[in-house]
Amino acid sequence: MVGGLAMFLYGIEKLSSSLSSAAGSGLNTLLAKLTTNRFSGVATGIIVTGIVQSSSLTTVLVVGFVSAGLMTLQQSIGVIMGANIGTTLTIHVVAFKVTEFAWLLIALGFLTSAISRRDAVKHVGAALLGLGFIFLSLNQMTNATSPLRDVPVFAELMQAVAHPVYGVFVGALFTAIVQSSSATSGLVIALAMQGAINLPAGLALILGSNLGSCVTAVIAGWGRPVAARQAALVHVLFNAFGVLVWIGILPQLAWMVELLSSDLSRQIAFAHTLFNVFNTLILIGLVSQMARLARWLIPEQKLAQKPMAEPKFLDSTLLGTPSLALERARLELSHLGELVREMLDQAPTSVFAGSGKELRKTASMDQHVDELYLAIIDYSRSLARNEMTVTETRELETIISAANYLESTADIVATNLVTQGLQRVEQRLEVSPATKVQLTKLFEVAQQALQDGLQAMTNSDKLLAKEVIDRKEMFNGLMESAFERIRQRLLSSDPRRLPTFQLEVDLVHLVQRIFYFARRTARLALQNGDDAANIKTP
């Protein structure tokens, strides 16, 4: 029985991770854009959980979105409600007693994932393989529990579990240990198919499994921002409310499911769904009140503002699902780009005319960039340890390359440009207003190229990438004009003209390096395409 349960858990994980990979970043888009109100939030939670077959994964995604500020607490409540309904789909499939298809699904899933060259088809094959393992494990658990019917101690245990309080406790404890309400439901279904459990005991265990599933949400919210912990608390409140309501009226729940089916395993599956559907119908009108209660129980703390380098999107709980983890890494890469752009915003003013204090302030921003850069690289390294498709591996390499280019750009500002600025202050050099205008224009072009290049890379926008790369001729024209201006100024009789000339020439070359990294970033959007080989970036 334990071996069958282990196979069931593996099948659930295989099914969930494969379907998540097949859906890819579409899950994030669905969660982010279709949660405008409580009803669409519920529908989104049902759809997403129906796709990934894991309410735990959906809840982890929601907690991550709330933590990153991409979703409000009230938006998350509807999704959490829907996730609890969506997760009951698996147990309905299991209760149909289709275990005879297990080997067929395993064979079909293996052949599909082994023969196909398309990642999407491979994921579907792996999902079929996982579903086959679920059916096979159910057959194993059913056969293993058959002798239990004749064991007096087990019969006494099931009689005790039929008491609602004991049943809920056992179901919650077991689910908290295996961190899968579907696993608990599968085991209960296996016992029901052998007649080793009665309906009252099955209902109590199912109620407990819903309460025990909150453990995953609590773990996901642990150590996160207050809003994320509040979202995890909402999950606990939702299921705890349902258990408190239904534990006193289990006979009425039993009466309803007996009307829907005469088969015990189907009755238990229906009870799992009705529990979550009725809870949602009762609480859907109290979303605002639930949000206020969560904020009251976990109040906002007035703490000093976190460092700019604090990762906003990286979520270690998603490392096992590369497609979702890659999406978080791309979001964090954009966050890193924002920090680098802030440095470039300050650079012209501080380098051309700022004081030593202002220059050191600009240089200090590189520390935040380095910290966030290392966080992205560490996350990528952990992600690389997982099994990934060829496409996912290339995406990870692209993200790492882009992070390297951004970090190098920040180093140019913090080390080279600031050094030139400090030299200007120390030697009391002054860049002429006309030259300053030309250098500032070069900075603006380089900065815009970096911003557009990063956008092209993160959005796989090949047209924008080509447009950024093609700006080289325009940038070279501006650079030549700046050099011409600088050469003309060399004829000045100012005794400090020579060191100023060297300063201005070095500044132009440094901005050219920034533009180079911007074009390299843009080129990442083309590296997997047919046009990549035709575009050369010196």
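This report walks through the fold, a few helix pairs and some individual residues of a predicted model.

## Ground rules

Residues are numbered from 1 along each chain as its sequence is written, and side-chain values use heavy atoms, leaving out hydrogens and water. Since this is a predicted model, local features need pLDDT of at least 70 and side-chain atom pairs count only at pLDDT 80 or more, while totals for chains, interfaces and linings use all residues.

## The overall picture

The protein has 24 helices and zero strands. Both are DSSP runs numbered from the N terminus, with helices being H or I of at least four residues and strands being E of at least two. Of the 538 residues, 53% are buried; here buried means under 20% relative accessible area, exposed means over 50%, and partly exposed is in between (1.4 Å probe, protein chains only).

How far apart in sequence are the contacting residues? Taking contacts between residues at least 6 apart in sequence, 81% join residues at least 24 apart, where contact means heavy atoms within 4.5 Å. On the outside, the protein exposes about 23,900 Å², with carbon and sulfur atoms supplying 59% of it. Those areas come from the Shrake-Rupley method with a 1.4 Å probe, and for residues only the protein chains shown count as cover.

## Helix 16 and two of its partners

Two packed helices are described by the angle between their axes and the distance between the axes. Axes here are lines fitted to C-alpha atoms, for helices over the stretch in contact, and angles run from 0 to 180 degrees between N-to-C directions. Start with helix 5 (residues 73-86) and helix 16 (residues 264-283): their axes come within 9 Å and cross at roughly 160°. That pair is therefore roughly antiparallel (under 35 degrees is roughly parallel, over 145 roughly antiparallel, 65 to 115 roughly perpendicular, and the rest oblique). Helix 5 passes helix 16 in a left-handed crossing, meaning the near helix is turned anticlockwise from the far one by less than a right angle; clockwise would be right-handed. Met81, Asn84 and Ile85 of helix 5 meet Asn276, Val277, Thr280 and Leu283 of helix 16.

Helix 11 (residues 181-193) also packs on helix 16, at an angle of about 155° with the axes 8 Å apart. These two are therefore roughly antiparallel as well, but helix 11 passes helix 16 in a right-handed crossing. On the helix 11 side, the contact is made by Ser185, Val188, Ile189, Ala192 and Met193, and on the helix 16 side by Leu264, Ser265, Ile268, Ala269 and His272.

Is Thr87, in the loop between helix 5 and helix 6 (89-95), buried or exposed? Its relative accessibility is 5%, so Thr87 counts as buried. The C-alpha atoms of Thr87 and Asn276 are separated by 9.7 Å, although the two residues are 189 apart along the chain.

## Helix 21 and the turn after it

Helix 21 (residues 433-459) has 27 residues, which at 1.5 Å a residue should span 39 Å, and its end C-alpha atoms are indeed 39 Å apart. The expected span is 1.5 Å times one less than the number of residues.

Next comes Ser460, in the loop between helix 21 and helix 22 (462-469). Most residues other than glycine have a negative phi. The phi of Ser460, however, is positive, near 55°. Ser460 is exposed, with a relative accessible area of 56%.

On the two sides of that loop, the axes of helix 21 and helix 22 come within 8 Å and cross at roughly 150°. The two helices are therefore roughly antiparallel, and their crossing is left-handed. Ala449, Asp452, Gly453, Gln455 and Ala456 of helix 21 make the contact with Leu464, Ala465 and Val468 of helix 22.

## Two buried residues to look up

Gly337 sits in helix 18 (residues 322-353) and counts as buried at 1% relative accessibility. What does Gly337 touch, leaving aside its neighbours within four places in sequence? The answer is Leu406 and Leu454. Gly337 and Gln451 are 114 residues apart in sequence, yet their C-alpha atoms are 7.5 Å apart.

Leu5, in helix 1 (residues 2-23), counts as buried at 11% relative accessibility. Not counting residues up to four places away in sequence, Leu5 touches Met141, Phe174 and Ala183. Its C-alpha atom is separated by 9.2 Å from that of Ile134, a residue 129 apart from Leu5 along the chain.
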